[in-house]
Amino acid sequence: MKRVYNFSAGPSMLPLQVLEKAQEEVVNYRNSGMSVMELSHRSGLFTDIITEAEKLLRELMAIPEGYKVLFIQGGASQQFATVPMNLLGKNGKADYVNTGSWSKKAIKEAKKFGTIRVIASSEDDNFTYIPAVDRSMIDPEADYVHITTNNTIEGTAYLEIPDTGDVPLVADMSSNILSEEIDVSKFGLIYAGAQKNIGPAGLTVVIIREDLIGRAPENCPAMLDYKTHSESGSLYNTPPTYGIYMAKLVFEWLKSLGGIKEMEKINRKKAQILYHALEESSIFKSPVRKDSRSLMNIPFVSDSTELDAAFVKEAQSKGLETLKGHRSVGGMRASIYNAMPIEGVQALVTFMNDFETNYEQKEERK
Ligand SMILES: *Cc1c(COP(=O)(O)O)cnc(C)c1O
């Protein structure tokens, strides 16, 4: 069986152990004679799955009491609207930080529901850094402050979570949830589409402080009201059952590695290997400022689009897949989420070195 190192930004790699476990259980889950896909979401077997998934996530992220975990659908993009629909109750205004494409989409959507202020932005320099955010910039009357903790396309991440005082902090954590230790108590609400670090697409995880539930207006559609999902234990309607099962397997895998603390160590090592290679490289470089670099998504560029294209193509023939950069940044992007093994990053760096040597030899012969 041939597996590749898949550097896709999402959907992205899943741990092989998780896929094999799913394969083993796919036809006959725990002697039920059924697949998890065929189980009623009200059945005892599925109740065990969703209960265990939540328990593991709470344990991994050390989610304090007073927070609800919701397993819902719609992706992170649905949350761009659901957050303002639910939280803009009191004052009808919120502060946003604009750090890239996903932030922009969140801002655009929120503007449909209230007064949205952009308090900091890195658009002036093509989103290659995370702007400073401090308490003095925040409107104390804002219903919440919204940030994107990791910018999947631009390859930037907050090294420190801004202090927003009493104003609830809402974070789109789609591309770095579970990658490093975070203090959940700093956040009012965290949301993430599953397809980067949690499991297959179709599941969205929301972690919400209980006092932020029940603020939606009367006319809020039931499916978009956090209260609906909170009161029903994410079983108001049929949740993405197979996605929740896969997430549970991923959480078990993370726990078996030693939890987020160990995962973070591995992620830091992986990123360090790649950033170091970029520092050393004579043809490739990171466009991102050193104090804002993501551990998960690492874009890199050369001076020539032909060279970039040749690199992506040759890499693919070596089993290094989906390295083409996002069209807004160009060049390459290596997404090295939790499931990317260190060997994958080493293989990429080895290939980069070989590619560079070949290139230099060709240049000399010219
Ligand atoms: C992938 C991504 C999204 C979009 O997620 P969907 O689940 O496809 O809606 C939003 N924000 C960030 C930071 C992402 O990485």
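The legends below describe close-up views of a predicted model.

**View 1. Residues surrounding the ligand.** The ligand is surrounded by 13 residues, and the closest are S77, T152, D172, Q195 and K196. By class, the shell around the ligand comprises 3 nonpolar, 8 polar and 2 charged residues. Helix α3, which spans residues 75-87, gives the most to this shell, with 4 residues.

**View 2. Polar contacts of the ligand.** Side-chain and backbone atoms of the protein both take part in the contacts shown here. In the side chain of D172, an N or O atom lies 2.6 Å from a nitrogen atom of the ligand. An oxygen atom of the ligand is 2.7 Å from a polar side-chain atom of K196. At A76 the contact is made by a polar backbone atom, 3.0 Å from an oxygen atom of the ligand. The protein buries 87% of the 390 Å² that the ligand exposes when taken alone.

**View 3. The largest cavity.** Rolling a probe the size of a water molecule over the atoms shows where empty space is left. The structure holds 2 cavities of 30 Å³ or more, and the largest has a volume of about 60 Å³. It is lined by 14 residues, of which M13, L14, K196, N197 and I198 are the closest to its centre. The lining of the largest cavity divides into 8 nonpolar residues, 5 polar residues and 1 charged residue. K196, one of the residues closest to the cavity centre, is also among the residues closest to the ligand.

**View 4. The second largest cavity.** The second largest cavity encloses about 40 Å³ of space. Its lining consists of F71, I72, Q73, M223, H229, S234, N237, T238, P239 and P240. Of these lining residues, 5 are nonpolar and 5 are polar, with no charged residue.

**View 5. The largest pocket.** The largest pocket has a volume of about 320 Å³. Among the 19 residues that line this pocket, W253, A339, M340, P341 and I342 lie nearest its centre. Two or more lining residues come from each of the elements α1 (16-25), α6 and α7 (259-280). Helix α7 provides the largest share of the lining, 4 residues. The lining of the largest pocket is made up of 14 nonpolar, 2 polar and 3 charged residues.

**View 6. A salt bridge between helices α2 and α6.** Side chains of opposite charge can pair when their charged atoms come close. Across the whole structure, 19 salt bridges are found. One of them joins E59 to K255, with 3.0 Å between the closest N and O atoms. Because E59 lies in helix α2 (residues 44-61) and K255 in helix α6 (residues 241-257), the pair ties together parts that are 196 residues apart in sequence.

**View 7. Backbone geometry at P11 and R30.** Most residues other than glycine have a negative phi, and most peptide bonds are trans. The peptide bond that joins G10 and P11 is cis, with omega about -10 degrees. P11 is located in the loop between β1 (5-6) and α1. R30, although not a glycine, has a positive phi of about 45 degrees. The loop between α1 and α2 contains R30.

Terms used
Residues are numbered from 1 along each chain as its sequence is written. This is a predicted model: local features need pLDDT of at least 70, side-chain atom pairs count only at pLDDT 80 or more; totals for chains, interfaces and linings use all residues. Side-chain values use heavy atoms; hydrogens and water are left out. A residue is near a molecule or strand if one of its heavy atoms lies within 4 Å of it. A polar contact is a pair of N or O atoms within 3.5 Å; within protein, one must be able to donate a hydrogen and the other to accept it, and residues adjacent in sequence count only if both atoms are side-chain atoms. Accessible areas come from the Shrake-Rupley method with a 1.4 Å probe; for residues, only the protein chains shown count as cover. Ala, Val, Leu, Ile, Met, Phe, Trp, Tyr, Cys and Pro count as nonpolar, Asp, Glu, Lys and Arg as charged, and the others, Gly among them, as polar. On a 1 Å grid over the protein atoms alone, a cavity is a set of points where a 1.4 Å probe fits but cannot get out, and a pocket is an open set with protein on both sides within 12 Å along at least five of seven lines; lining residues have an atom within 4 Å of a point. Grid points are joined across faces, edges and corners, and a volume is the space filled by probe spheres set on the points. A salt bridge is a side-chain nitrogen of Lys or Arg within 4 Å of a carboxyl oxygen of Asp or Glu.
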